[in-house]
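Colleague: I am new to this structure and would be glad of a friendly, close look at one part of its surface. Please then take me from there to the rest of the chain.

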Amino acid sequence: MEEINKKTKQEQQLTDADVERLELLRRAHEKKGKQLTISDETGTLKEIDELRELVGKQLDNPEEKYNIYYKGIRKLLMDHLPKGEDYKEMRGIIYDEKNIFLNLGKRKSDGGGVRGSDGRMTFQPIMNEILEIVITWVGGSQNPFELYKAFYMLNEKHGYGHEEYDDSVRGVANAMLKLAEN
């Protein structure tokens, strides 16, 4: 019997690595919702309370985003931009500037014709900024060149690029900027 107890005690002895693992597991259990990370500035460890940060963030409301995009931005642009084949290229250039902003600077020309993101899924504050510009434009001049300039300048302000076009489309875009200045 004594020999069995001795063998059990030996089996129960833990190595330093085992003790360290158990301590990590115990500490991980203590602090739910908290995480250690390395600070970018100092390189030191800091603790992040993930749960508090999650609650503190503005959460997007899918129904509200739908209404802002489809019943606000898209509907107003479709209702108030010139219609018809003659204005298709101009509308496309305006939509490109809008979409660059909604997609946080991603351009189709960067991905061979594919933007790689969807402006309908962007953050609500970004959508609200575009909606405000569109509402101001509809309530004001309704001059498509003014709208293009507003989107263009918004992208400039945020350091986003502009769509790369062939020479003919680039000429239309430049002409719209010049007309908007007058």
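Which residues make the nonpolar surface patch of about 390 Å²?

Modeller: Happy to help, and one thing to keep in mind from the start is that this is a predicted model. The patch you are asking about is made by Leu 14, Val 19, Leu 22 and Leu 25, and its nonpolar surface comes to about 390 Å². A good residue to start from is Val 19, which sits in helix H2, the helix that spans residues 16-30. With a relative accessible area of 46%, Val 19 is partly exposed. A residue needs over 30% relative accessible area to join such a patch, so Val 19 clears that bar.

To place this patch in the whole chain, let us step back for a moment. The protein has eight helices and two strands. Read from the N terminus, the order is α-α-β-β-α-α-α-α-α-α, so H2 is the second α in that row, followed by the two strands. Of the 182 residues in the protein, 27% are buried.

Now let us follow the chain to helix H4, which covers residues 62-80. Here Lys 75 and Asp 79 form a salt bridge, with 2.7 Å between their closest N and O atoms. The two residues are four apart in H4, which means that about one helical turn separates them. Both ends of this pair can be reached from outside to some degree: Lys 75 is partly exposed at 42% relative accessible area, and Asp 79 is partly exposed at 39%.

H4 also has a partner helix. The axes of H4 and H5 come within 12 Å of each other and cross at roughly 155 degrees. That angle makes H4 roughly antiparallel to H5, because angles over 145 degrees count that way. The crossing in which H4 passes H5 is right-handed.

After H5, which spans residues 88-102, comes a loop that leads to H6, and Lys 106 lies in this loop. Leu 104 is found in the loop between H5 and H6 too. Leu 104 is worth a look for its backbone, since its phi is positive, at about 55 degrees, although Leu 104 is not a glycine. Its relative accessible area is 39%, so Leu 104 is partly exposed. Lys 106 counts as partly exposed as well, at 41% relative accessibility. Lys 106 and Gly 119 are 13 residues apart in sequence, and their C-alpha atoms are 9.7 Å apart in space.

Just before Gly 119 in the numbering, and just after it, you will find another charged pair: Asp 118 forms a salt bridge with Arg 120, and the closest N and O atoms are 2.6 Å apart. Asp 118 counts as partly exposed at 29% relative accessibility, and Arg 120 is partly exposed with a relative accessible area of 36%.

That brings us to helices H6 and H7, residues 124-139 and 144-157, which pack at an angle of about 155 degrees with their axes 10 Å apart. H6 and H7 are therefore roughly antiparallel to each other, and H6 passes H7 in a right-handed crossing. In the loop between H6 and H7 you will find Gln 142. Gln 142 has a positive phi of about 55 degrees and is not a glycine. At 32% relative accessibility, Gln 142 counts as partly exposed.

H6 and H7 are linked by side chains as well. Glu 129 forms a salt bridge with Lys 157, the closest N and O atoms being 3.9 Å apart. Glu 129 belongs to H6 and Lys 157 to H7, so this pair ties together parts that are 28 residues apart in sequence. The two ends differ in their exposure class: Glu 129 counts as partly exposed at 27% relative accessibility, whereas Lys 157 is exposed, with a relative accessible area of 61%. The count of salt bridges comes to three, and you have now met each of them: Lys 75 with Asp 79, Asp 118 with Arg 120, and Glu 129 with Lys 157.

Methods. Residues are numbered from 1 along each chain as its sequence is written. This is a predicted model: local features need pLDDT of at least 70, side-chain atom pairs count only at pLDDT 80 or more; totals for chains, interfaces and linings use all residues. Side-chain values use heavy atoms; hydrogens and water are left out. Patches are made of residues with over 30% relative accessible area and no salt bridge: like charges are joined within 9 Å, nonpolar side chains (Val, Leu, Ile, Met, Phe, Trp, Tyr) within 5 Å. Accessible areas come from the Shrake-Rupley method with a 1.4 Å probe; for residues, only the protein chains shown count as cover. A salt bridge is a side-chain nitrogen of Lys or Arg within 4 Å of a carboxyl oxygen of Asp or Glu. Buried means under 20% relative accessible area, exposed over 50%, partly exposed in between (1.4 Å probe, protein chains only). Axes are lines fitted to C-alpha atoms, for helices over the stretch in contact, and angles run from 0 to 180 degrees between N-to-C directions. Angles under 35 degrees count as roughly parallel, over 145 as roughly antiparallel, 65 to 115 as roughly perpendicular and the rest as oblique. A crossing is left-handed if the near helix is turned anticlockwise from the far one by less than a right angle, and right-handed if clockwise.
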